[in-house]
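Work through the following exercises with the sequence and the coordinates side by side. Each task is followed by a solution that goes step by step.

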Amino acid sequence: MIYLAVTAAGLSRALEQAKDDDFIWCGSDAITHAEFAANAPRNVTRFVYSIAEPGRLDDALNTIEEHHPSETVWIEQVTPRPRGSPDAPGRIDQAPMSDHWTVRPFKRPAS
């Protein structure tokens, strides 16, 4: 199974749930370059960009598909907080834990 973590909490959760033969991919928001370089978790690949940025999720999924063809990808579900709300950092934040993961079988369109 393949996990795609968007946030640090999502990466932590994926590491807890993943089996030894599972793979975890994450964006740069999930773990800093320094943390990753110092102690790269098992079977984790870190993108150098934030997958929370518009259009980057599809880029990440295309890359994952190249490395893991026809595998199911579990994606951390995140919801944007409205700008101007008191606790909105102006970026994507984590969804409630009960809705934390969603499955997206990703298949590349036939050429």
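What percentage of the 111 residues in the protein do buried residues make up? Buried residues make up 34% of the 111, where buried means under 20% relative accessible area, exposed means over 50%, and partly exposed lies in between, with a 1.4 Å probe and protein chains only. The model is a predicted one, in which local features need pLDDT of at least 70 and side-chain atom pairs count only at pLDDT 80 or more, while totals for chains, interfaces and linings use all residues. Residues are numbered from 1 along each chain as its sequence is written, and side-chain values use heavy atoms, with hydrogens and water left out.

**Exercise 1. Describe the overall architecture.**

Begin with the secondary structure, for which helices (H or I, at least four residues) and strands (E, at least two) are DSSP runs numbered from the N terminus. The protein has three helices and seven strands, and along the sequence these elements follow the order β-α-β-α-β-α-β-β-β-β.

Next, consider the contacts, a contact being heavy atoms within 4.5 Å. Of the contacts in the protein with a separation of 6 or more, 47% are between residues 24 or more positions apart.

Finally, take the surface, computed by the Shrake-Rupley method with a 1.4 Å probe, where for residues only the protein chains shown count as cover. The protein exposes about 6,600 Å², and carbon and sulfur atoms supply 52% of that area.

**Exercise 2. Place strand β1 among its neighbours.**

Start with the two faces of the strand. In a regular strand the side chains alternate between the two faces of the sheet. In β1, which spans residues 2–5, I2 and L4 lie on one side and Y3 and A5 on the other, and these four residues are all buried, so that both faces are covered.

Then identify the pairing partners, two strands being paired if DSSP finds at least two bridges between them. β1 runs parallel to β2 (residues 23–26), to which four bridges join it, and within this pairing L4 stands opposite W25. The connection from β1 to β2 passes through helix α1 (residues 8–17) and forms a right-handed β-α-β crossover; right-handed here says that, with the strands pointing away from the viewer, the path from the first strand over the helix to the second runs clockwise.

β1 also pairs in the parallel sense with β4 (residues 72–76), over three bridges, and there I2 stands opposite V73.

**Exercise 3. Analyse the aromatic cluster and the charge beside it.**

First fix the criterion: rings of Phe, Tyr and Trp (its six-membered ring) pair if their centres lie within 6.5 Å, with planes under 30 degrees apart counted as stacked, over 60 as edge-to-face and the rest as tilted. The structure holds two aromatic pairs. The ring centres of W25 and F47 are 5.3 Å apart and their planes meet at 35°, so this pair is tilted. Because W25 lies in strand β2 and F47 in the loop between β3 (44–46) and α3 (56–67), the pair ties together parts that are 22 residues apart in sequence.

The other pair, F47 with Y49, is also tilted, with 5.2 Å from centre to centre and 35° between the planes. Together W25, F47 and Y49 form one aromatic cluster. W25 is buried at a relative accessible area of 5%, F47 counts as buried at 7%, and Y49 is likewise buried at 16%.

Now turn to R56, a residue of helix α3. Its charged end sits over the ring of Y49, 4.1 Å from the ring centre, the criterion being that NZ of Lys or CZ of Arg is within 6 Å of the ring centre and within 35 degrees of the ring normal. R56 itself counts as partly exposed, with 28% relative accessibility.

**Exercise 4. Locate the residues with unusual backbone angles.**

Most residues other than glycine have a negative phi. N43, although not a glycine, has a positive phi of about 55°; N43 lies in the loop between α2 (33–38) and β3 and is partly exposed at 29% relative accessibility. S70, also not a glycine, has a positive phi of about 65° and lies in the loop between α3 and β4.
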